[in-house]
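Visitor: I have a structure to look at and some short questions. Can we go through it together?
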Amino acid sequence: MKIIKLETFTNKYVGFVKVTTNTNDFGWGQMSTYNADISALIFHRQVAPWSLGLDLIEEKPNFSDHLQKILEKEHKFPGSYLLRALSGLDTALWDLYGRFHETPVASLIGGSPQKIRAYGSSMRRDITPKDEAERLCKLRDSKGFSAFKFRVGSECGRDLDEWEGRSEEIVKLVSSELGNDVEKLVDGNSCFSPKRAIELGKYLEDQGISHFEEPCPYWEHNQTKEVKEALLLDVAGGEQDCDMSTWKSTIEKQIVNIVQPDIMYMGGLSRTMDVARMAYNESLPCTPHAANLSLVTICTMHFLTAIPNAGKYLELSIEDETYYPWQKNLFLGSPFEVKDGMVEVKDIPGWGVDIDPKWFDNCDYNITELN
Ligand SMILES: [Mg+2]
């Protein structure tokens, strides 16, 4: 079967991709969220034209070399936007194969439908320690979460807190309120110098925190490694990294204890599997970054069932459409439903989700097709 049509449906935040073949088979994917309208432009300019007419063998997915060829054809444009657009093609093709073989993507890549443990991931720094502790405890009790991540420092904050004293205060309060039975993770989002990260890190250890994410500017590998080596807790990172040579170096040099590629920043599932494999060879667990309730989290659920070095849990954002209005009406049903702290990869072909028809009412449409 040959690709004859590539369509995008986008707003500023989300961009879905539909791939259709001459046999009328189709799959739905998504480009990375945020500035998705820009990614759609790149999709039709630099991804779709190379993909029209692509022959897909029916027996099994065989398109990963095609993805690499696109990057080689566009080798003057190494970077985030091209990969954000490429994710739309990759994830649509996985869905197409899943629908074609009537099997979930998880099963196509060596995993299976199952329940997986999730950690509740807070995205907010504008929240007081008291309010954060209250809402996390409520979610622990109502949804059964056994792990949470919350935020310290400020984003790329050059050692400054969101407001003075917030980091220590939130760590102390949230830790004691959640208690010893809940695993506690924090995220620094590139805030700290090694000196401050190590100082705060020792405090985190005293307060029972097990995971310190992106303590230092993420591009400063030596700083991150210095922090990792000075602390006993796990230092995690890599969410922005999408270049294979960066990943190779990060993993070979053991910059972090846990690697966190983002499927949508990486250019899709196929390239993220490559990162997981590299990490596996160096005995590092992979706990991908998945920071919103769009297809990135669905893809990550399938991915985690399939890799041998899956980390302990799925990142599951606790921010709904009241905080991110653009998440409204993305999918039918409740694909992110949490019971006893677990989400479920269901035995449904492809990614197992359908976009809510209402979502299409207010989006831009574009098409690249064989004429
Ligand atoms: Mg993070």
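Visitor: Where is D340?

Guide: D340 sits in the loop between β10 (314-317) and β11 (342-345). Helices (H or I, at least four residues) and strands (E, at least two) are DSSP runs, numbered from the N terminus. This is a predicted model: local features need pLDDT of at least 70, side-chain atom pairs count only at pLDDT 80 or more, and totals for chains, interfaces and linings use all residues. Residues are numbered from 1 along each chain as its sequence is written.

Visitor: OK. Is D340 buried or exposed?

Guide: D340 is exposed, because 10 other C-beta atoms are within 10 Å. A residue counts as exposed at 12 or fewer other C-beta atoms within 10 Å of its own, as buried at 20 or more, and as partly exposed in between, with C-beta atoms placed from the backbone.

Visitor: And what is the phi of D340?

Guide: The phi of D340 is positive, about 50°, although D340 is not a glycine. E102 is not a glycine either, and has a positive phi of about 50°.

Visitor: Where is E102, then?

Guide: E102 is in the loop between α3 (80-100) and α4 (105-108). E102 is exposed, with 9 other C-beta atoms within 10 Å.

Visitor: New topic. How many helices and strands does the protein chain have?

Guide: There are 12 helices and 12 strands in the protein chain.

Visitor: What share of the residues is buried?

Guide: Of the 371 residues in the protein chain, 47% are buried.

Visitor: Last one: what does the C-alpha trace span?

Guide: The C-alpha trace of the protein chain spans about 65 × 40 × 35 Å along its principal axes.
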